Amino acid sequence: MSDLRTPLTRRGFLAGSAAVGLALVPGCGGPAPATAPALRLRPAAMTLDLAGTPARTWGYGTVPGPEIRLRAGEMLRVRVDNALPEDTTVHWHGLAPPNAMDGVPGITQRPVRPGGEFLYEFPAAVPGSFMYHAHVGMQLDRGLYGPLVVEPRDEPLAYDREYVVMLDDWADGVEDHTSHGGGRAAPPLPADPRDVVSFGGRTYPVLLVNGRPPLDPAVVEGRPGDRLRLRVMNVAADTGFRFAVAGHRLTVTHTDGMPVEPVTVDTVRLGMGERYDVLVHLDRRGGAWQIAAQAEGRPGLGRALLRYTGSPVSAAPSPDQRPAELDGRLVGYDELLAVEPLSLPAGTPDRAFDLTLDGTEISGQSYPDADPLPVVEGERVRLTMRNTGAKWHPMHLHGHHFQVLTTSGRGPVKDTVAVPAHGGEVTFDFLATNPGRWLFHCHNHHHMEDGMVRLVEYRH
Ligand code: C2O
Ligand code: CU
């Protein structure tokens with residue numbers, strides 16, 4: 001195993017060795033001038049080292065791609081130079097840019113041709129933990145993704161260090177499913193079979209955390225007494241994860257980048273596209289502890305390590321050690337209270353859609369042979385999804401934040417929400433304040449490719 005090679009200051013975490021020269025340097029408080037040089041992302045063929053096994057893939061130089069970090073209100077300016085043999089785009093998952101910057105080929109922009117370039121430029125208004133990824137076909141399923149962190153002007157949370165923790169299911173360039181870099185980790189399913197949850201059905205030979213397989217885990221480090229902030233992000237194509245840190249509890253502070261009243265639990269579940277920020281209090285004396293990302297509904301464990309500074313390497317847990325916390329208290333949407341609820345006008349919504357999720361169809365239709373969902377600027381829109389199928393579907397809306405309706409009346413503000421299988425139902429409201437044509441889709445990329453997509457279309 002090897003350590004993260006970068007200093008772990010509160011502002012400086014990088015996913016591996018990635019972000020050299022790319023993270024925006026937060027300025028002296030003012031918005032970045034429009035003339036600031038753009039960051040560059042160069043999607044290209046590359047090799048990812050999986051614990052000694054080279055895997056050919058496509059990525060933005062590293063996997064995950066370089067961390068993009070800026071301050072709320074600053075301009076995101078990224079020039080994409082397409083060195084791939086096919087079209088590409090970049091989508092800023094969880095941000096709400098003007099429609100033309102949303103990165104959806106054929107809907108918001110012409111795709112970037114091989115050898116072509118495109119400048120993405122818009123203000124990053126809202127702080128939070130976001131991701132960027134390619135949005136052409138199954139490109140996301142390769143290494144074409146990375147973390148995007150927008151820091152608030154004044155950080156209300158107290159913590160000592162922070163890390164991005166990106167979870168992924170991986171098949172690219174791994175031919176032999178038994179001799180990949182991930183070891184033979186196949187831990188038992190969760191103890192309670194009633195709780196088995198499946199977000200997908202494909203075979204992925206290895207689960208990566210920050211681009212690293214279980215035999216070569218990324219290391220998160222802190223001193224006894226430290227509080228770590230983990231920005232946990234699920235960028236997998238087909239895998240929901242249950243996330244826990246052995247011997248430690250998780251205080252959930254944000255979901256999808258948006259603040260919630262802190263709640264302390266043992267484990268969180270992330271559908272594809274979801275993010276959770278958690279604080280971990282290092283209240284043990286030392287040691288190295290498993291950071292586990294267990295695939296929901298099928299065998300498989302991704303991992304990183306939490307090492308107390310100075311603790312010997314030899315103390316590391318084995319790759320397949322499964323923390324008991326994975327079976328502990330799991331937070332549900334019902335318990336999450338938005339700190340800043342959307343300012344939804346009182347009364348009934350102006351417009352409501354009732355959708356059925358059945359297999360990969362939405363109300364019996366498969367995109368592009370599917371009706372758009374028309375909205376008018378200024379409306380309060382309600383979307384109800386009932387899932388009659390056997391898989392959970394993490395449904396993602398571009399360009400907006402929505403508020404999940406829960407019994408508290410103050411449900412979490414999110415951009416991706418997992419709808420449970422076998423009759424599960426989720427309702428959310430959003431304000432139609434960002435004109436354009438926006439994708440609404442399942443973030444299982446196989447389901448998306450099968451047509452589990454609708455367009456939310458602003459009309460006059
Ligand atoms: Cu991250 Cu259209 O998705
Ligand atoms: Cu789905």
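Which residues is Gln365 in contact with, leaving aside its neighbours within four places in sequence? They are Ala370, Asp371, Gly451 and Arg454. The model behind this answer is a predicted one, and the report below starts with the chain as a whole before returning to this residue.

## The chain as a whole

The chain has 460 residues, and buried residues make up 59% of them. Its secondary structure comes to one helix and 31 strands. The chain exposes about 16,800 Å², and carbon and sulfur atoms supply 52% of that area.

Contacts in the chain often span long stretches of sequence: of those between residues at least 6 apart, 78% join residues at least 24 apart.

## Nonpolar cores

The largest nonpolar core holds 65 residues. The members that touch the most other members are Leu230, Phe243, Val252, Met385 and Phe440. Apart from this core lies another, of 27 residues, with Tyr60, Ile68, Leu70 and Val413 among them.

Phe243 gives a view of the surroundings of one core member. Not counting residues up to four places away in sequence, Phe243 touches Val165, Leu167, Leu230, Val232, Leu250 and Leu326, among others. Its contacts also include Asp266, Thr267, Val268 and Leu270, as well as Ile291 and Ala292.

## The copper site

Which residues coordinate the copper ion (ligand 2)? The donors are ND1 of His393, SG of Cys442 and ND1 of His447, at 2.0 to 2.1 Å. Along the chain, these donors follow the spacing H-x48-C-x4-H.

Two of the coordinating residues can be described by their accessibility. Cys442 has a relative accessible area of 0%, so this residue is buried. His447 has a relative accessible area of 9% and therefore also counts as buried.

## A six-stranded sheet

Six strands form an open sheet with mixed pairing, in the order S22-S21-S24-S29-S26-S27. Strand S22 (361-362) and strand S27 (413-414) are the edge strands, each of which pairs on one side only. In general, the strands of a sheet pair through backbone hydrogen bonds, in a parallel or an antiparallel sense.

At the S27 edge, the partner is strand S26 (residues 402-404), and the two pair in the antiparallel sense over two bridges. Phe402 has Lys414 in S27 as its bridge partner.

## The loop after S22

Gln365 sits in the loop between S22 and strand S23 (373-376). Is Gln365 buried or exposed? Its relative accessible area is 19%, which is under the 20% limit, so Gln365 counts as buried. The side chain of Gln365 makes a polar contact with the side chain of Arg454, at 2.7 Å. Arg454 is also one of the residues listed as contacts of Gln365 at the start.

Pro368 is found in the loop between S22 and S23 as well. The peptide bond from Tyr367 to Pro368 is cis, with omega near 5°.

## The loop between S6 and S7

Thr108 lies in the loop between strand S6 (90-93) and strand S7 (117-123). With a relative accessibility of 13%, Thr108 counts as buried. Its side chain reaches the backbone nitrogen of Gly103 at 3.3 Å.

Leaving aside neighbours within four places in sequence, Thr108 is in contact with Gly103 and with Asn99, Ala100 and Asp102. Arg437 is also a contact of Thr108.

## Backbone details in other loops

A cis peptide bond also joins Val63 to Pro64, with omega near -5°. Pro64 is in the loop between strand S3 (53-59) and strand S4 (68-71).

Where do residues other than glycine have a positive phi? One is Asn210, with phi near 50°. Asn210 has its place in the loop between strand S11 (206-209) and strand S12 (219-222), and at 8% relative accessibility it counts as buried. Asp256, which is not a glycine, has a positive phi of about 50°. The loop that holds Asp256 runs between strand S15 (250-255) and strand S16 (258-265). Asp256 is buried, with a relative accessible area of 0%.

Technical notes: Residues numbered from 1 in each chain as written. Chains lettered and ligands numbered in written order. Predicted model: local features only at pLDDT ≥ 70, side-chain atom pairs only at ≥ 80, totals over all residues. Heavy atoms only, no water. Helix = DSSP H or I, 4+ residues; strand = E, 2+ residues; numbered from the N terminus. Buried < 20%, exposed > 50% of the residue type's maximum accessible area, 1.4 Å probe, protein only. Polar contact = N/O pair within 3.5 Å; in protein donor to acceptor, adjacent residues only side chain to side chain. Contact = heavy atoms within 4.5 Å. Donors = N, O, S within 2.8 Å, 3.2 Å for Na, K, Ca; no water. Core = buried A, V, L, I, M, F, W, Y, C linked by side-chain atoms within 4.5 Å. Pairing = 2+ DSSP bridges. Areas by Shrake-Rupley, 256 points an atom, 1.4 Å probe, with all protein chains shown as cover.
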